[in-house]
Amino acid sequence: MKKSQVMISSSPHIRSKHTTSHIMRDVLIALVPACFCAILFFGIRALCLMLVSVSACICFEFLWQKLTGQSVRIKDGSAAVTGLLLALNLPPTAPWWMTIIGAFVAIIITKELFGGIGSNFMNPALAGRVFLSVSWPLLMSGFTEPFSGGLFGATDVISSATPLAILKSGEDLTRLPALSQMFFGNIAGCIGETSALALLLGGLYLIGRRVISVRIPLAYLGSVALLTWFFGKPGMDPATAVFYQLFSGGLMLGAFFMATDYVTSPVTPFGQILMGIGCGLLTFFIRRFGGYAEGVSYAILLMNVVTPLIDTWCHEKPYGHKKNA
């Protein structure tokens with residue numbers, strides 16, 4: 001009689017069809033509407049930014065893994081996702097060399113130096129974006145109106161203030177674009193942040209595919225909306241102020257695509273809710289009282305840092321666990 005073998009391994013004993021490459025593929029698909037809108041509004045230059053960023057991230061990861069004798073894992077798609085998210089967080093006038101520096105910070109410093117995929121303690125794309133914002137604040141604020149640069153998105157067009165900058169200054173709120181413009185994306189801003197509709201479609205796709213949970217986006221957007229309703233812009237209708245905050249800046253992009261990052265977000269359901277609420281609180285306070293008009297990147301990175309603490313506080317008790325007397 002043929003003997004059968006029993007494989008013994010440590011828990012958890014969970015099998016899933018979701019692999020890293022499948023998840024990254026779904027994220028790339030979910031970002032297609034935002035990429036389409038970026039090219040539509042800001043021309044071929046937006047496409048060039050995305051190609052440079054994605055290529056740089058893939059090359060940096062490939063070279064690092066080759067130089068350190070690791071197995072090359074660029075086929076999992078994580079570097080491509082990081083590069084695309086980084087590009088979507090850049091203004092349409094960002095120079096190519098700055099994009100490459102951001103890719104280096106994202107892949108080498110934030111990801112690979114800490115052990116590669118699954119070991120980074122903060123979102124790589126956001127780390128690259130924040131580094132560029134601190135190092136070259138003027139170049140990172142070169143926002144232009146959609147369609148103002150023609151097909152190729154010329155860099156010599158007149159700069160325009162973003163809706164968040166207008167809200168922050170409090171001067172002449174009549175300059176604010178209509179809510180319909182903000183929903184569809186016909187506003188100044190980073191190339192991937194302008195269209196709330198495109199980001200919502202991508203987020204709903206990820207939720208429908210069960211790539212992400214609704215907990216973090218709902219808690220994030222809900223906390224920002226609630227705080228804005230009660231403590232928002234003086235002199236502005238609360239409902240109008242809520243929609244301007246939700247549709248402005250990188251809130252939609254951050255809530256659906258970066259705060260939900262598997263590696264840098266809590267693993268427990270309650271921890272994910274706390275993550276979303278924390279991001280919402282920090283984003284609101286930075287936008288309302290801080291020196292920056294935008295606060296999404298800093299809010300998510302700060303919550304990334306405290307994610308291990310949240311996991312410690314919210315860990316689930318083993319089955320049959322009894323508290324000591």
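**A helical chain, one residue at a time**

Let me start with a single residue, A239, which counts as partly exposed because its relative accessibility is 26%; here buried means under 20% relative accessible area, exposed means over 50%, and partly exposed lies in between, with a 1.4 Å probe and protein chains only. A239 is found in helix α11, and its C-alpha atom is separated by 8.6 Å from that of T228, which is 11 residues away along the chain.

Before I go on, please keep in mind that this is a predicted model, in which local features need pLDDT of at least 70 and side-chain atom pairs count only at pLDDT 80 or more, while totals for chains, interfaces and linings use all residues. Residues are numbered from 1 along each chain as its sequence is written, and side-chain values use heavy atoms, with hydrogens and water left out.

Now to the chain as a whole. The chain has 14 helices and 0 strands, where helices (H or I, at least four residues) and strands (E, at least two) are DSSP runs numbered from the N terminus. Of its 325 residues, 48% count as buried. If we take the contacts with a separation of 6 or more, 75% of them join residues 24 or more positions apart, contact meaning heavy atoms within 4.5 Å.

Which residues touch the most other members of the largest nonpolar core? They are L31, Y220, L246 and F257, in a core of 77 residues; a nonpolar core is a set of buried Ala, Val, Leu, Ile, Met, Phe, Trp, Tyr and Cys residues joined through side-chain atoms within 4.5 Å. Leaving aside residues up to four places away in sequence, F257 touches V27, A30, L31, L85, L199, G202, G203 and L206.

L85 brings us to helix α4, where it is one of the buried residues. In fact 11 of the 11 residues of α4 are buried, so this helix is largely enclosed by the rest of the structure. Its buried residues pack against α1, α2, α3, α5, α6 (124-135) and α12, and I would like to look at two of those neighbours.

With helix α1 (residues 20-30), the axes come within 9 Å and cross at roughly 25 degrees; axes are lines fitted to C-alpha atoms, for helices over the stretch in contact, and angles run from 0 to 180 degrees between N-to-C directions. α1 and α4 are therefore roughly parallel to each other, given that angles under 35 degrees count as roughly parallel, over 145 as roughly antiparallel, 65 to 115 as roughly perpendicular and the rest as oblique. The residues that make this contact are M24, V27 and L28 of α1 together with S78, A80, V81 and L84 of α4.

With α5, the axis of α4 comes within 10 Å and crosses at roughly 135 degrees, which means that α4 is oblique to α5. Here S78, A79, T82 and L86 in α4 meet T99, G102, A103, A106, I107 and K111 in α5.

Helix α3 is another neighbour of α4, and its 24 residues (44-67) should span 34 Å at 1.5 Å a residue, which agrees with the 34 Å between its end C-alpha atoms; the expected span is 1.5 Å times one less than the number of residues. Buried in α3 are A46, L49, M50, S53, A56, C57, E61 and Q65, and they pack against α2 (32-42), α4 (78-88) and α5 (96-111). The general background is that an α-helix has 3.6 residues a turn, so residues three or four places apart point the same way. L63 also belongs to α3, but this residue counts as partly exposed because its relative accessibility is 46%. L63 lies 9.9 Å from I108, C-alpha to C-alpha, although the two are 45 residues apart in sequence. After α3 comes G69, whose phi is positive, near 70 degrees.

A positive phi also appears at R210, where it is near 60 degrees in a residue other than glycine. R210 lies in the loop between α9 (196-208) and α10 and is exposed, because its relative accessible area is 72%.

Finally, helix α10 (residues 215-231) has 17 residues and reaches 24 Å between its first and last C-alpha atoms, close to the 24 Å expected. Its buried residues, among them Y220 and T228, pack against α11 (238-247), α12 (251-258), α13 (269-289) and α14 (296-313). That returns us to T228, whose C-alpha atom is 8.6 Å from that of A239.
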